[in-house]
Amino acid sequence: MLGDLTSYQISGLVQLAAYRKQFYSVNPLSIASSPKKIKNDVITKFIELFCGHNFADTDYSVIQQEPLEYDTLDEWIEQASIGAILKSFTYFIWTDKILEGYFRTRIENNIIDKLLQRLEILLKEERIVA
């Protein structure tokens, strides 16, 4: 997947992954993260960064079908590709346009935390971040 991205987009992925610290109180000694009280402008900046790097992909077939092959959503996230992560974020952003607060709910139920953790892992595997 990274081979299909420009250096500008790879830089954007690193910036997106960094939002985990803005959305969550991340304790390295704990597996669980807890959502911070997030201001709307932080969510808006995440969405602007996401859209500004042309990550939006509305082909939701992957995020509709792949999770059905796993016992839990967590199992699917643990193997999700960068493409699947970006499609998930696209879905959350567009759904928020219809159901205001949907994106915030995905922060609060830690789905975005898990996706951002997975993104961090994939970037580390590609030696993009330390």
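Helices, taken as H or I runs of at least four residues, and strands, taken as E runs of at least two, are DSSP runs numbered from the N terminus. In this predicted model, that numbering places N110 in the loop between α6 and α7, and N110 has a positive phi of about 70° although it is not a glycine. Because its relative accessibility is 18%, N110 counts as buried, the cut-off for that class being under 20% relative accessible area.

From this loop the chain can be followed into helix α7, which takes in residues 111-125. At 1.5 Å a residue, the 15 residues of α7 should span 21 Å, and the C-alpha atoms at the ends of the helix are 21 Å apart, which agrees with that expectation. The buried residues of α7 are I111, I112, D113, L115, L116, R118, L119, L122 and L123, and what covers them includes the helices α1, α2, α4 (73-79), α5 and α6 (102-108), together with the strand β1 (24-25). Just after α7 comes R127, where phi is again positive, at about 60°, in a residue other than glycine. R127, in the segment after α7, is exposed, with a relative accessible area of 75%, whereas N110 in the loop between α6 and α7 counts as buried.

One of the elements covering α7 is α1, and the packing of this pair can be described in detail. Two packed helices are described by the angle between their axes and by the distance between those axes. For α1 and α7 the angle is about 135° and the axes are 9 Å apart, and the two helices are therefore oblique to each other, with a left-handed crossing. On the α1 side the contact is made by L13, V14, L16, A17, Y19, R20 and F23, which meet I112, D113, L116, Q117, L119, E120 and L123 in α7. Sorted by type, the residues of this contact divide into 10 nonpolar, 1 polar and 3 charged.

Helix α1 (residues 7-23) also packs against helix α2 (residues 40-52), at an angle of about 165° and with the axes 9 Å apart. That angle makes α1 roughly antiparallel to α2, and the crossing of α1 and α2 is left-handed. Here Y8, G12, Q15, L16, Y19, Q22 and F23 in α1 meet V42, I43, K45, F46, L49, F50 and G52 in α2, and the residues of the contact divide into 9 nonpolar, 4 polar and 1 charged.

Beyond α2 the chain enters the loop between α2 and α3 (61-65), where H53 is found. H53 is buried, with a relative accessible area of 5%, and, leaving aside its neighbours within four places in sequence, H53 is in contact with Y8, Q9, G12 and Q15. Of these, Y8 is 45 residues from H53 in sequence, yet the two are 7.3 Å apart in space, C-alpha to C-alpha. Y8, G12 and Q15 are also among the α1 residues that meet α2.

A last buried position to examine is S88, whose place is in helix α5 (residues 82-98). With a relative accessible area of 4%, S88 is buried, and, not counting residues up to four places away in sequence, S88 touches I63, W76 and L115. The last of these partners, L115, brings the path back to α7, where L115 is among the buried residues, and α5 is one of the elements that cover the buried residues of α7.

Definitions and conventions
Residues are numbered from 1 along each chain as its sequence is written. This is a predicted model: local features need pLDDT of at least 70, side-chain atom pairs count only at pLDDT 80 or more; totals for chains, interfaces and linings use all residues. Side-chain values use heavy atoms; hydrogens and water are left out. Axes are lines fitted to C-alpha atoms, for helices over the stretch in contact, and angles run from 0 to 180 degrees between N-to-C directions. Angles under 35 degrees count as roughly parallel, over 145 as roughly antiparallel, 65 to 115 as roughly perpendicular and the rest as oblique. A crossing is left-handed if the near helix is turned anticlockwise from the far one by less than a right angle, and right-handed if clockwise. Contact means heavy atoms within 4.5 Å. Ala, Val, Leu, Ile, Met, Phe, Trp, Tyr, Cys and Pro count as nonpolar, Asp, Glu, Lys and Arg as charged, and the others, Gly among them, as polar. Buried means under 20% relative accessible area, exposed over 50%, partly exposed in between (1.4 Å probe, protein chains only). The expected span of a helix is 1.5 Å times one less than its number of residues.
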